[in-house]
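Trainee: Pick one part of this fold and take me through it closely. I want the packing, the angles and the residues that do the touching.

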Amino acid sequence: MKEEQLVSFETAKLLKEKGFDEVWCNHIYCIGYNTIPEDNELLECDWRNNVKGQFHLALAPTQSLAQKWLREKHNIHVEIYRNASGWGWILTTTNTGSTLLEINNDIFFDTYEEALEEGLKEGLNLIE
């Protein structure tokens, strides 16, 4: 069985900006230092992390955990689908099911995980 994909450094920074800081994860990114550890370095910890108030750290959850948080906290569902062009995403509201944003028809991805990562970023960018 394939291990779940962690969010990218860019998505982790967006998650932190949008309030994802009290969820428990086993991985963090360093986002504020130019010394060791390097900025964007993924650090694995043997304890559960809470980075609230720590400006130099961002949680690195799995994509599915980030997707769940976006759905439960902000009512934004990232739906992934496959067609002849590749993998795509669509953002809908969880309360009405109405479409918020849809992938451009010219841009599709080679993998489910790439599409989900982009859908997560787009969903996070909708949060004020």
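Mentor: Start with contact range. Take contacts between residues at least 6 apart in sequence: 55% of them join residues at least 24 apart. Keep in mind that this is a predicted model. The protein has 3 helices and 6 strands. From the N terminus, the elements run α-β-β-β-α-β-β-β-α. Of the 128 residues, 41% are buried.

The part I pick is helix 3, residues 112–125. It packs against helix 1 and against helix 2, and it lies across strand 4, strand 5 and strand 6. Let us take these partners in turn.

Helix 1 comes first. Two numbers set the scene, since packed helices are described by the angle between their axes and the distance between those axes. For helix 1 (residues 9–17) and helix 3, the angle is about 25° and the axes are 10 Å apart. Helix 1 is therefore roughly parallel to helix 3. The crossing is left-handed. Which residues make this contact? Helix 1 supplies Glu 10, Thr 11, Leu 14 and Leu 15. Helix 3 supplies Glu 117, Leu 120, Lys 121, Leu 124 and Asn 125. By class, that is 4 nonpolar, 2 polar and 3 charged residues. The spacing fits a general rule: an α-helix has 3.6 residues a turn, so residues three or four places apart point the same way.

Helix 1 has other neighbours too. Its buried residues are Phe 9, Thr 11, Ala 12, Leu 14, Leu 15 and Lys 16. They pack against helix 2 and helix 3, and also against strand 1 (25–30) and strand 3 (57–59). Strand 1 is largely enclosed by the rest of the structure, because 5 of its 6 residues are buried. Strand 1 and strand 3 run antiparallel, joined by 3 bridges. In one pairing, Ile 28 has Leu 59 of strand 3 as its bridge partner. After helix 1 comes Gly 19, with a positive phi near 105°.

Now helix 2, residues 63–74. Its axis comes within 10 Å of the axis of helix 3, and the two cross at roughly 35°. This crossing, too, is left-handed. On the helix 2 side, the contact uses Gln 63, Ala 66, Gln 67, Trp 69 and Leu 70. On the helix 3 side, the residues are Glu 113, Leu 116, Glu 117, Leu 120, Gly 123 and Leu 124. The classes here are 6 nonpolar, 3 polar and 2 charged. Some helix 3 residues serve twice. Glu 117, Leu 120 and Leu 124 meet helix 1, and they meet helix 2 as well.

Look harder at Gln 63. Is its side buried or exposed? Gln 63 counts as buried, because its relative accessibility is 4% and the cut-off is under 20%. Leave out residues up to four places away in sequence, and Gln 63 touches Gln 5, Leu 6 and Val 7, plus Glu 113, Leu 116, Glu 117 and Leu 120. The last four of these belong to the helix 3 side of the helix contact.

Beyond helix 2, check the loop to strand 4. Asn 75 sits there. Its phi is near 55°, which is positive although Asn 75 is not a glycine. In general, most residues other than glycine have a negative phi. Asn 75 is partly exposed, with a relative accessible area of 36%.

That leaves the sheet. Helix 3 lies across strand 4, strand 5 and strand 6, at about 30° to strand 5. These 3 strands form an open sheet in the order 4-5-6, with antiparallel pairing. Strand 4 (76–83) and strand 6 (99–102) are the edges, each pairing on one side only. The twist averages 25° from one strand to the next.

Strand 5 (residues 86–93) and strand 6 share 3 bridges, in the antiparallel sense. Across that pairing, Leu 91 stands opposite Leu 101 of strand 6. The hairpin they form has 5 residues between the strands. Gly 97 in this hairpin takes a positive phi near 75°.

To recap: helix 3 has helix 1 roughly parallel to it, crosses helix 2 at roughly 35°, and lies across the three strands of the 4-5-6 sheet.

Note on methods:
Residues are numbered from 1 along each chain as its sequence is written. This is a predicted model: local features need pLDDT of at least 70, side-chain atom pairs count only at pLDDT 80 or more; totals for chains, interfaces and linings use all residues. Side-chain values use heavy atoms; hydrogens and water are left out. Axes are lines fitted to C-alpha atoms, for helices over the stretch in contact, and angles run from 0 to 180 degrees between N-to-C directions. Helices (H or I, at least four residues) and strands (E, at least two) are DSSP runs, numbered from the N terminus. Angles under 35 degrees count as roughly parallel, over 145 as roughly antiparallel, 65 to 115 as roughly perpendicular and the rest as oblique. A crossing is left-handed if the near helix is turned anticlockwise from the far one by less than a right angle, and right-handed if clockwise. Contact means heavy atoms within 4.5 Å. Ala, Val, Leu, Ile, Met, Phe, Trp, Tyr, Cys and Pro count as nonpolar, Asp, Glu, Lys and Arg as charged, and the others, Gly among them, as polar. Two strands pair if DSSP finds at least two bridges between them. Buried means under 20% relative accessible area, exposed over 50%, partly exposed in between (1.4 Å probe, protein chains only).
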